[in-house]
Amino acid sequence: MKVNPLYVVALKEEVDTEFIDKFDVLITGVGKVNAAYELTRHLAENKNIYNLVINFGTAGSNYLDPGTFVDCTRFYEKDMDCLPLGFEPFQTPFEKEIIIDFSLESIFNPLNKNLSCYTGDKFVTEDLDYQGIFDMEAYALAKVCKSFQLPFISFKYISDGANSDSSGDWTENISSGYKIFYQKVVREILNYKLNQ
């Protein structure tokens, strides 16, 4: 199958200017609201052009070392907490799915580890009682893709340890993962297209 992806990033600083100029790249801004709005608008205006949405960006993790490059295909809404109403952690009230899972739906995943990402609008700087990969957009992007019936995958460069040093580490590493992303994902897609 031909792969025609839309690349989605929160900030232009996370990628190279040449990449933005050469490929279909959507820059959403930071956070779930910006991510959901911009991707919904873009897909509505460009119907049936893409058959895959690829998100790339930085993320924190309290169990993976900074500099690790991963793929995430399972997504949680980290901010959702309606336990007093009888709902499970991360469950949006009156919705059955707690997790958005694209593990079996992607038409392209060169890493294929299918890790989980927890999305929230709070930058993680404190210890949490569960291990995770933490970002600020992926769940919202995944939910939009689910509604558009488009496969989705998020590649994350672990920029910080989701701890008290995170803000400084993230600032230092915001642009560090792009070369790895280009080599392991973008170049693989280009090679895949050449062999079709």
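Is Glu-77 buried or exposed? In this predicted model, Glu-77 is buried, because its relative accessible area is 9%, which falls under the 20% that marks the limit for a buried residue. Its charged side chain has a partner there, since Glu-77 meets the side chain of Lys-32 in a salt bridge, with 2.8 Å from N to O. This pair joins distant parts of the chain, for Lys-32 belongs to helix α2 (residues 32-45) while Glu-77 belongs to strand β4 (residues 69-77), and the two are 45 residues apart.

Lys-32 is buried as well, with a relative accessible area of 12%, and the side chain of Lys-32 also forms a salt bridge with Asp-79, at 2.6 Å from N to O. Because Lys-32 lies in helix α2 and Asp-79 in the loop between β4 and β5 (99-101), this pair ties together parts that are 47 residues apart in sequence. Asp-79 itself counts as partly exposed, at 35% relative accessibility. Taken together with Asp-121, the residues Lys-32, Glu-77 and Asp-79 are linked in a network of salt bridges.

Another salt bridge can be followed within helix α2, where Arg-41 and Glu-45 both lie, four residues apart, or about one turn of the helix. Their side chains meet at 3.3 Å, again from N to O. Arg-41 is partly exposed, with a relative accessible area of 29%, whereas Glu-45 counts as exposed, at 54% relative accessibility. In general, side chains of opposite charge can pair when their charged atoms come close. A search of the whole structure finds seven salt bridges, among them the pair of Arg-41 and Glu-45.

How values were computed:
Residues are numbered from 1 along each chain as its sequence is written. This is a predicted model: local features need pLDDT of at least 70, side-chain atom pairs count only at pLDDT 80 or more; totals for chains, interfaces and linings use all residues. Side-chain values use heavy atoms; hydrogens and water are left out. A salt bridge is a side-chain nitrogen of Lys or Arg within 4 Å of a carboxyl oxygen of Asp or Glu. Buried means under 20% relative accessible area, exposed over 50%, partly exposed in between (1.4 Å probe, protein chains only).
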